[in-house]
Each structure stands twice: as structure tokens, then as C-alpha cells.
Amino acid sequence: AKNVSFLRSTFQFLLKFRFEDFLGLIYAQRISTFQYFIALVIDPEHVEALVARGALYANKGKLERAIEDFEKALSYDQNHRNGRKYMCETLLALGE
């Protein structure tokens, strides 16, 4: 039953997931990054996963979406070192 519940929640997440982002992950062969997306299905407050996804968005030039993830991560852990660092870098890039 636990596996069925996990698969159901994963499938529901994928239905909401932007297909272009999914294809980008597969194309870039970033399966480990895809695991962060799945982690957020299981725990939407997973700070490491939010920071990792934010970094992925920032690297793809989707700065506003990156900032959303960093803000959310920092709302759960305001002292997260990489979250703060990446947030600053992304805000600087957005201002350029």
C-alpha cells in the first residue's frame, strides 16, 4: 500500500509538472536532479530539494522561478548556507 501511495502521488505530481522541465532534465541526463523533484512530492518542505531545484532553474535562466524556490527554502531554514548564497547570486543576476 505504501508503494502504491508513493506511485500515485508521484504520478499526480508529474501531471502538474511542466513537461518542458521534465524533458530538460531527461535531455541533460540529470536523473539525480529529478530525484529532488520527487522528494518535493513526498515532502514539499524539503529544504535541500528546494535549493537544488532553485539552482537548476537559475542555471537554465529561469531566475524568477529560482528565487521562488530559494525564498521557500529560506522560509523553512533561514540560515541554509547554499540557499542564502544562491539567492544572492540569483538576485544579482536578475539585476544585471
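Here is a short tour of the structure, stop by stop, with something to select at each one.

**Whole chain**

Start with everything on screen, and keep in mind that this is a predicted model. Show it as a cartoon and you should find six helices and zero strands, so to speak an α-α-α-α-α-α pattern when you read along the sequence. Of the 96 residues in the protein, 36% are buried. Switch on a surface if you like: the protein exposes about 6700 Å², with carbon and sulfur atoms supplying 53% of that. As for how the chain meets itself, take the contacts with a separation of 6 or more: 45% of them are between residues 24 or more positions apart.

**Colour by confidence**

Next, colour by pLDDT. The mean for the protein is 80, and 66% of the residues reach 70 or more. Which element has the lowest mean pLDDT, and which the highest? Select residues 19–27, helix H2, for the lowest, at 56; H5 has the highest, at 96. The remaining stops take in H5 and its surroundings.

**Arg 53 and Asp 69**

Select Arg 53 and Asp 69 and show their side chains. They form a salt bridge, with the closest N and O atoms 2.7 Å apart. The pair ties together distant parts of the chain: Arg 53 sits in helix H4 (residues 47–59) and Asp 69 in helix H5, 16 residues apart. A search of the whole structure turns up one salt bridge. Are these two residues buried or exposed? Arg 53 is buried, and Asp 69 is too.

**Ala 73**

Stay in helix H5 and pick Ala 73. Its relative accessibility is 0%, so Ala 73 counts as buried. What does it touch, beyond its neighbours within four places in sequence? Select Val 47, Leu 50 and Val 51, and you have its contacts. Now draw a distance from the C-alpha of Ala 73 to the C-alpha of His 46: it should read 7.6 Å, although the two are 27 residues apart along the chain.

**His 80**

For the last stop, move to the loop between helix H5 (63–76) and helix H6 (81–95), where you'll find His 80. Being in a loop doesn't tell you how covered a residue is, so check: His 80 has a relative accessible area of 10%, which makes it buried, the cut-off being under 20%. Setting aside neighbours within four places in sequence, select Val 47, Glu 48, Val 51 and Leu 74 to see what His 80 is in contact with. Val 47 and Val 51 should look familiar, as Ala 73 contacts them as well.

Methods
Residues are numbered from 1 along each chain as its sequence is written. Side-chain values use heavy atoms; hydrogens and water are left out. Helices (H or I, at least four residues) and strands (E, at least two) are DSSP runs, numbered from the N terminus. Buried means under 20% relative accessible area, exposed over 50%, partly exposed in between (1.4 Å probe, protein chains only). Contact means heavy atoms within 4.5 Å. Accessible areas come from the Shrake-Rupley method with a 1.4 Å probe; for residues, only the protein chains shown count as cover. A salt bridge is a side-chain nitrogen of Lys or Arg within 4 Å of a carboxyl oxygen of Asp or Glu. pLDDT is the predictor's confidence in each residue, from 0 to 100.
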